[in-house]
There are 2 protein chains.
Amino acid sequence: MEKHKIGSRVHASTVKIWSLSNSQGLLPIHRVLLGHDGSMTSLLELISRCEVAIRTIKQVVVPCPSEAADLLAVDVGEPANEREIVIVRMTDDLPLLYALSYTPLSRLKHGFKADLMRADTPIGKIMQRHRIEARREILDVGYLESDRQLEVLLACPGPYLWRVYNIITRGKPLITVKECFSVAL
Amino acid sequence: MEKHKIGSRVHASTVKIWSLSNSQGLLPIHRVLLGHDGSMTSLLELISRCEVAIRTIKQVVVPCPSEAADLLAVDVGEPANEREIVIVRMTDDLPLLYALSYTPLSRLKHGFKADLMRADTPIGKIMQRHRIEARREILDVGYLESDRQLEVLLACPGPYLWRVYNIITRGKPLITVKECFSVAL
């Protein structure tokens with residue numbers, strides 16, 4: 001049996017997570033939550049051993065702000081769906097994760113758009129339902145000692161971990177997402 | 001803030017993993033390894049905090065066996081790439097995961113085919129390199145008390161966990177994969 005070095009290097013976000021892990025003493029499950037490229041909803045259901053639900057804080061069409069427009073490669077001010085949610089455990093409403101996402105309306109197909117606008121379903125589930133083929137690109141990750149808004153939304157004091165990623169379909173970013181969760185998750 | 005039940009139900013594989021977790025006392029990281037729908041290579045690098053490499057056991061074009069043909073929805077006997085590998089840690093060669101996969105040659109595009117046939121790169125890395133948009137469908141998962149072949153390949157006694165999944169691109173299964181790893185991972 002012959003061993004081969006992997007051709008393409010380790011993803012930049014993985015290297016950043018290793019470093020964060022060293023400096024902040026993260027657990028394997030934290031590193032996975034920060035760096036995985038699958039469905040976050042699915043991961044939360046596996047970890048918490050129960051179904052999860054969405055609590056919608058805000059769902060509105062806005063002119064795309066410049067930071068999101070950069071990540072999505074659309075013009076600033078283009079109509080985008082802004083969605084702010086907390087994913088909670090079905091059993092006891094315990095908040096697990098806060099997410100803020102932007103989706104340019106121009107990139108949404110009809111069925112997906114209807115599901116997204118109904119505001120009651122996590123993106124991972126909508127993608128499963130529509131059998132959407134995509135790839136997730138982790139753009140940045142970080143550690144946050146404390147944050148008053150997150151302390152209220154997640155009903156849990158810091159520290160928190162966060163990540164920003166794009167979901168890419170047909171070669172273009174469909175959604176850019178920022179997710180935050182407590183290290184106590 | 002209003003809470004919504006998620007429209008589509010929990011994935012069948014997730015329910016099976018919850019049940020397996022109860023009966024076998026699995027940890028959160030086991031459930032994630034069994035049920036996530038992202039890149040397994042990426043997950044192993046996040047967990048083990050080092051780059052991983054491939055040790056190729058076997059790489060050969062075979063007539064597709066019936067079980068794999070069923071999962072891939074191709075005719076039995078159609079030429080398929082059979083690949084048997086162990087993913088190991090770069091730093092110390094520690095085996096992390098055994099994988100057996102079948103890919104019908106008819107579904108392979110030229111560049112992807114060349115990378116796959118070189119046998120030195122995990123599928124997740126090849127997909128990242130070619131920016132392939134896909135979805136992974138977990139078909140089955142299970143628990144194995146002991147297995148002499150795995151004990152040698154993984155250099156670790158049982159129990160083991162296994163999963164079978166398809167990687168689907170352009171509406172068709174591109175690869176069907178069986179992965180096995182030790183609960184000591």
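These legends walk through several close-up views of a predicted model with chains A and B.

Residues are numbered from 1 along each chain as its sequence is written, while chains are lettered from A and ligands numbered from 1 in the order in which they are written. Since this is a predicted model, local features need pLDDT of at least 70 and side-chain atom pairs count only at pLDDT 80 or more, though totals for chains, interfaces and linings use all residues; side-chain values use heavy atoms, with hydrogens and water left out.

**View 1. How confident is the predictor in chain A?**
Let's start with pLDDT, the predictor's confidence in each residue, from 0 to 100. Chain A averages 92, and 96% of its residues score at least 70. Confidence in this chain bottoms out in β1(A), with a mean of 50, and peaks in α2(A), at 98. For the model, the scores are ipTM 0.92 and pTM 0.93. The Greek-letter names belong to helices (DSSP runs of H or I, at least four residues) and strands (runs of E, at least two), numbered from the N terminus.

**View 2. Where chain A meets chain B.**
Each partner brings plenty to this meeting: 58 residues from chain A and 58 residues from chain B are in contact, meaning heavy atoms within 4.5 Å. About 5100 Å² is buried between the two chains, and carbon and sulfur atoms give 56% of that. Buried area here is the accessible area (1.4 Å probe) that two parts lose on being put together, summed over both. The count of residue pairs in polar contact is 15, with both residues at pLDDT 80 or more. A polar contact is a pair of N or O atoms within 3.5 Å; within protein, one must be able to donate a hydrogen and the other to accept it, and residues adjacent in sequence count only if both atoms are side-chain atoms. On the chain A side, the elements giving two or more residues include α1 (12-24), α3 (40-48) and β2 (52-63). The largest share, six residues, comes from β2(A). That side of chain A divides into 23 nonpolar, 17 polar and 18 charged residues.

**View 3. A close look at B:Q59.**
Find strand β2 (residues 52-63) of chain B, and B:Q59 is in it. At 24% relative accessibility, B:Q59 is partly exposed (buried is under 20% relative accessible area, exposed over 50%, and partly exposed in between, with a 1.4 Å probe and protein chains only). The side chain of B:Q59 makes a polar contact of 3.2 Å with the side chain of B:N81, and also reaches the backbone oxygen of B:L116 at 3.2 Å. Beyond its neighbours within four places in sequence, B:Q59 has contacts that include B:E82, B:R83 and B:M117. Now look for B:S101: 42 residues away from B:Q59 in sequence, it is 9.7 Å away in space, C-alpha to C-alpha.

**View 4. B:T176 and its surroundings.**
B:T176 lies in strand β7 (residues 172-182) of chain B. Is this residue buried or exposed? It counts as buried, because its relative accessibility is 5%. Its side chain and that of B:N166 are joined by a polar contact of 2.8 Å. Leaving aside neighbours within four places in sequence, the residues touching B:T176 include B:A68, B:L100, B:S101 and B:V164.

**View 5. B:D115 in its helix.**
Helix α5 (residues 110-118) of chain B is home to B:D115. This residue is buried, with a relative accessible area of 7%. Who is its side-chain partner? B:R129, in a polar contact of 2.7 Å between the two side chains. Not counting residues up to four places away in sequence, B:D115 touches B:D120, B:I126, B:R129 and B:H130.

**View 6. Helix α3 of chain B, tucked inside.**
Nine of the nine residues of this helix (residues 40-48) are buried, so it is largely enclosed by the rest of the structure. Among them are B:M40, B:L43, B:E45 and B:I47. At the N-terminal end, B:S39 acts as a cap, with a side-chain oxygen 3.4 Å from the backbone nitrogen of B:T41. Just after the helix, B:R49 takes a positive phi of about 55°.

**View 7. Backbone details in the loops.**
The peptide bond from A:G158 to A:P159 is cis, with omega near 0°, and A:P159 sits in the loop between α7 (148-153) and β6 of chain A. Chain B has a cis peptide bond joining B:G158 and B:P159, with omega about 0°. Back in chain A, A:D93 is not a glycine, yet it has a positive phi of about 70°. You'll find A:D93 in the loop between β3 (79-89) and β4 (95-104).

Notes: Nonpolar A, V, L, I, M, F, W, Y, C, P; charged D, E, K, R; others polar.
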